[in-house]
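Please open the model in your viewer and keep the selection panel at hand, since this tour moves from one selection to the next.

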Amino acid sequence: MPPPKDVVKIAIQMVGAIPQLIELHQTKPLASVLKDVCDAWSLPNAERYALQYADGRQTYITESNRREIKNGSILRLTTSPDQEAERLYSGIQSNNSDVKTDSLKKLASLSQDVTFAQEFINRNGLKQIFYIVEEGKATGEMLAHTLKAFMELMEHDFVSWETLSAAFIKKIVSYVNMNAVDASVQQLSLSILENMVPTSRLLFELVKKEVTLDRLLTHLQVTNAQLQLKAMALLIALLLAATDAERRDMMDYLREKNIRQFIHKNIIHSSEPLGDEMAHYLYVLQSVSLNLCERRMRSSMDPYSQEQRELLQSLRQTAFESESEVPASNFSTERRRSLCAKEFRKLGFTNNSNPAEDLRRAPPGLLALDNMVYFSRHTPSAYSRFILENSSREDKHECPFARSSIQLTLILCEILHIGEPCSETAQAFYPMFFGQDHFFEELFCICIQLVNKTWKEMRATQEDFDKVLQVVREQITRTLSLKPTSLELFKIRVNALNYSEILKLRQTERLHQEETLAVPVLELRERLKPELLELIRQQRLLHLCEGTLFRKISSRRRQDKLWYCRLSPNHKVLHYGDVEEGVHSAPIESLLEKIPVADMKMLLVGKECPHTKEKSSGKQNKDVLELAFSLVYDVEEYCLNFVAPTRYEFCLWTDGLNVLLGKEMTSERTQTDLDVLLSMELKLRLLDLENISIPDTPPPVPKPPSNLNFCYDFSHTEQ
């Protein structure tokens, strides 16, 4: 008979004593349970003791978390959190440096536990930590343990960052600004400042003033990868907390200091592989930089602005005034206006009498004008060739430069996600972005020439404008998906992907689709599906057995604790546990937390997950919702919450967990993989039918013959 759901069988250890095996009644007060345990070992003063997990995070057991105890858990009898907090509070005030260092080390470890942290903070423990830092006598290992303990205590959000004293903040800043400081102390100091920046405008301004961009750039140039990462984290935090004007000034300064070239050479192309965290920061830096174009993109042209009118006129003057023998100023006003209108029509403006009207649409707004002016000034020969070549073409066959530029700018804004908020988890940056100054403008210069080239290849007319731009969009997106490392390589590849290549790709995709729609082929597909779905199920379970590194996302910052989860080889138990930064694969023995597959109840995704509901009070980030899933398990319906590092991992894990739950795989990746496998299998099966049309209906079966006398009689052997 199974035990009642309010009873769990556990083991309790104590140093120097034989472990106790007990049945823990969850309805029984914890104080009574502790008294029984202490009585069994003849220990007085049961109130001075507490239970904590013997493995993993060694969390203290309280009335609020006791329901998380599972059958077979191993607990340890230890000093109660209030007694331990009192002991360490005294220890960190000791005059003996060894005692003080050991106490701070233990404090840094125990402060991860919320129960202990509250007890220590209630004793005004943070004030003592502030004193140790402000006093300035602690160095090296002692200081590192102090800062680590402070970080862990602040992580629980019991105390506001705004309550920190100016003296404490200045001391932390000094560790960042000084050269002769231990690397671990500098890393922790950078992390503290990074956490501080988003919490209030006052702290942001203080950190921005005290820690200069030059100093952060110095830290970025060190060989210590962790220090480099923490410096980049603080830089990104400052950029995200800044106003638009401040962000623009900061990016301009970083551009002057050639941060792009440094990142391209020493981080992207370094001998060390790029970590997920750094990849995310490079994505954010790229996104912040590109989003500087948003203001111009959302601004319509003002026909009364002298500056904007001059930019518009410069396009006409660069293209036509050099070839005109008689200056336009010699003509009458009417003649000059007529000539300007004619030239603006040749430039490809729809409204040639008032070209400013074409730029009233936002987006792309003034960004399109900026791109056209950049193209005309930085590649004048290519600009003149584009305009003059199309001016001499017969009517309707000329490619309209201005109209194409406006639409192309809009396409590039959509492809590069300009004006969209940064994702909390994305890591997809373009290496070529960091290999080129004025990336957006230079990309435009390549793509506008591509428009002209594709227009000629398609022999397009004005009616084909949308078709041409659709092909150009496809050329750009297909080439960007190859992740070219430089703009020069992008140019070579995008020009090689000409209109005929696009047609071939489209035809191949269309033929493949038509082949697979024939009735006999559809029947064969249905027969093959179960076998291939089983293959996909096995692949998903193998992926779960290999495991994945997940990141816990807190409300304050992206970087947080790492944890690893993997399925046992026999598919019976899900193992998980915290891991250190830099670990890529954790052995199953090191993952101390377990969930039996038999206890798994259901899978929740997106908005249904409890950890996304907790964050719903703030600005909900779309990408976190898309990557979040929760596993509900046990009788009490506990939840193990995940945020997948990528959409690919999300699909594989949700599919794998659904397989374990005996449900259908529902991710879009399942359909993609099934289509690929079906396509390959069908091609192999239909190889002998190459160039033979498959009828929609099977041929009729002939009638059986009237007799079977045509069979050869083997009984008569030849003599």
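Angles under 35 degrees count as roughly parallel, over 145 as roughly antiparallel, 65 to 115 as roughly perpendicular and the rest as oblique. They run from 0 to 180 degrees between N-to-C directions, the axes being lines fitted to C-alpha atoms, for helices over the stretch in contact. The model is predicted, with local features needing pLDDT of at least 70 and side-chain atom pairs counting only at pLDDT 80 or more, while totals for chains, interfaces and linings use all residues. Residues are numbered from 1 along each chain as its sequence is written, and side-chain values use heavy atoms, leaving out hydrogens and water.

Select residues 365-378, helix 18, together with residues 439-458, helix 21 (helices are DSSP runs of H or I with at least four residues, strands E runs with at least two, numbered from the N terminus). Their axes come within 9 Å and cross at roughly 75°, and the two helices are therefore roughly perpendicular to each other. Now show the side chains at the contact (heavy atoms within 4.5 Å), which include Leu367 and Phe375 of helix 18 and Phe444 and Ile448 of helix 21.

Move next to the open sheet, where four strands run in the order 5-6-7-8 with antiparallel pairing (two strands pair if DSSP finds at least two bridges between them). Strand 5 (548-551) and strand 8 (593-596) stand at the edges, each with a single partner strand, so one side of each has no neighbour in the sheet. Strand 5 pairs with strand 6 (residues 562-567) over four bridges, and Arg551 stands opposite Leu562 in strand 6. Finally, add helix 25 (residues 519-546), which packs on the sheet and touches strand 5 and strand 6.
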